[in-house]
Each structure stands twice: as C-alpha cells, then as structure tokens.
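Trainee: Could you take me through one part of this model slowly? I would like to follow a single strand and then see a few other spots for contrast.

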Amino acid sequence: MEIHFSPEQLAFRDEVREFLKQELPADIAQKVKLAKHLSKEDHERWQKILSKRGWYAPGWPVEHGGTTWGPIEKHIFDEESAAAGAPRLVPFGVNMVAPVIIKFGSEEQKATYLPRILDGTDWWCQGYSEPGAGSDLASLKTRAVRDGDHYIVNGQKTWTTLGQHANWIFCLVRTDPEAQQQRGISFLLIDMATPGITVRPILTLDGDHEVNEVFFDDVKVPVENLVGEENKGWTCAKYLLTHERTGLAGIGASKAALTNLKRIASKQQKNGKPLIEDALFRSQIAEVEMSLMAAEMSTLRIVAAASEGGVPGSESSILKVQGTEIRQAITHLMRKALGPYALPFLPEELELDYDGELLVDDYAASPASQYFNMRKLSIFGGSNEIQKNIVSKMILEL
C-alpha cells in the first residue's frame, strides 16, 4: 500500500498552500492560532471563500457541487488548512447531514437541501444525544408519532453544538417503541423555527456557550422530511458516525497545536533557560509527538485504503481514541509549560479586540480554556471507552 504522496499530490499541496496564503483572512487566522473566539460571521466568511473556489464540499459528488478530490487530497487540504490557521469547518451541514442526504435521501431532498448547505443559507445542528442516551445512543426516547402527513415529535436533545445559530436540526427519533432498539429509530430533518421547539444554553467548563439543550413539545414535522425508510434511521446514524469519528482524529489540528506548544516552551523559562531545553519536558513533548506520528501513519493507511475504494470501518474508532488522547495531552503540556500563569482565566482575553493588560503574553490567554474544553473530546462522538469496546469486538474479535 503506497502511503507516500505522488508528484501530483505534492503539486496539489503547493496549490492549497498558495490559496491559503492569498485567501485566508489574516484576522481569522490570528484568532485560530491564538485560540480566540470565532464568531458565526467568521465561519460564514470563510465558507463563502471556499465556496467561491469550489472547495467547500470536497467530499460531495461533483454533480452536487463537490470536487474530484480523493481521500488523500482531502487529507492534504485538512492538514494544510490547520497549519495555516484556517477555521475548522462547522461539520453538521456539509460533512454530516449532507452525506446522509446524498446516500439515503430522495431526489427532492437532495435538490432542496444540498444547494442551501452549499451557499450557506442553512446552518445545521445535530440532534442525537439525550440526557439518558449518549454513547448508548440506541436507547434514545424522543418520540415521533405519525399523524396523517406529519410526525408529532416530543422529547429532548442535549449537547447540541452551536444549536443557538442553527435554523435546521437533523434528529434521530423513535418511531416504533415496540421494535428492537435500533430498528425503531428514524432520521428526521426539522426546521428549528417550527412551533414547539425551545433551545436553552449550556455553559461549558471554560464558560463558553457552545452547546445547548433542545426541547420538542408537539412539534409537527412533514412526513417528506423523513430521510430513508421509517424505522431504519439507525443505518443513517451509523453511516454518519463512522465518518464523524474518522474526522475526530484531528491530525492537522494536533500538528498545529504541537507547534504552538513548542513555541510556548521556547519562550517560558526554567532555571534561566528555555523550558524546551529541560530534558524531562522535552521527553514529554517527544512522547506526544511520537504518538502523533503513529496516528498520522494510521490515518494515511486508512486514507490510502479509501482511495482504492475502501470504506472507513472499525479502524475509525482507533483514530478517534488516538487522536483525542493526543489533543488532550497537548493541552495538558501547554498548561504545564505556563505553570502558575495558566491558572488565571479571563474570558475577555479570548476576544481578538481585547486591549486590556495581558497577564503574560497573548499565547497565555487560551491554554486554560482549551484544557477545559478539550475534556469533551474523549466523550463526544461515542466515548473512548465505547470505541475500545468496538475495537476489541470488531477488530480483535475478543
């Protein structure tokens, strides 16, 4: 299996680098590199730039507005974007619900929703997790009862990322309470402006409003918003989650974070010398970097297999575990490098236009916030404990 880039792929990497150099707004790149807050408008501005170039939806078929990129080109683009400081694309529309609609949706659904995702008209969020159904997603209890040409939806979703901005939500709902858990679930597209929907904020450990609770009280959803067959939504859910977990490896983001960690360690002092020259701390950085190199090779093997027609399977669970543990380890070392300066946490310093006195330097504002926020990585997308169970069963056959 060839895991080295071909001359054509190296030329593509140069093209991506030049595009990012010319088109990525400097203020957005600065926010990303300093881990400052990104607004909805920042994400929309970058999306429009990518859409103009035709690079916003590389995983889509060309006939729907995608590219001719293979998995390797997409990997290169993701890695170079992270290195340049481009924002991570909000995935719920372009990378989550769109692939489900393309694979399982009707022609009318494709014609209705895909162009609106591509041009930024619609902002999507994900309605999967519930208070009693997280990693054990099949135990969800949100009900959808057929009533003529509509479903009547009642229930609650939680940890709905950026739901405060969304005008559409894709939901897993239970349409047959008597069926075996996975067989009684359906996949619905719901307009967030529908009467009966309430969104309540959840403040995370870092004090940010990133996630929400969403309540459904007698919400009427047209039957034509069902994707695929009734009671077979679990097939859609598994298809989506496999692709989500592969992306959670975050190799490009981890490389950029590791570079930032080394920058911080080179500026912080220990016994009159840069911290990065301390043997113990250097060994801890090296350990993380070796793990990252191993994860990257695993990713490239899966990407190479996908370029030859393979489909990400249980291997995506390995990448999810590896990638999230690496990103958490990097944030831990960032706080360790700053020592007591990592303790103060001023939310206003996370805004790019903050002009108050800095406690240390601009790089010291975000590590505490990042450390707290990154605790979620080993939980969402299916907890790492669940992923290890999948690996032991599906790969090791234990």
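Mentor: Happy to! Two strands count as paired if DSSP finds at least two bridges between them. This is a predicted model, and here strand S1 (residues 124-127) is joined to strand S4 (residues 168-174) by four bridges, with the two strands running parallel. One place to look is Trp124, whose bridge partner in S4 is Trp168.

Now turn to the two faces of S1. In a regular strand, side chains alternate between the two faces of the sheet. On one side of S1 you will find Trp124 and Gln126, and on the other Cys125 and Gly127; all four are buried, so both faces are covered.

For another buried residue, go to Lys31 in helix H2 (residues 26-33). Its relative accessible area is 13%, and because buried means under 20%, Lys31 counts as buried. Leaving aside residues up to four places away in sequence, Lys31 touches Lys36, His37, Leu38, Asp42 and Leu352.

Leu205 gives you the opposite case. This residue sits in the loop between strand S6 (197-203) and strand S7 (209-222). Its relative accessibility is 65%, and the cut-off for exposed is over 50%, so Leu205 is exposed. Leu205 and Tyr371 are 166 residues apart in sequence, while their C-alpha atoms are 9.5 Å apart in space.

Finally, an unreviewed UniProt entry places the feature "domain: Acyl-CoA dehydrogenase/oxidase N-terminal" at residues 6-120. In the model, that span is 69% helix and 0% strand, and its end C-alpha atoms lie 34 Å apart.

Note on methods:
Residues are numbered from 1 along each chain as its sequence is written. This is a predicted model: local features need pLDDT of at least 70, side-chain atom pairs count only at pLDDT 80 or more; totals for chains, interfaces and linings use all residues. Side-chain values use heavy atoms; hydrogens and water are left out. Buried means under 20% relative accessible area, exposed over 50%, partly exposed in between (1.4 Å probe, protein chains only). Contact means heavy atoms within 4.5 Å. UniProt positions are given in the numbering used here, feature names are shortened, and annotations may be inferred rather than shown by experiment.
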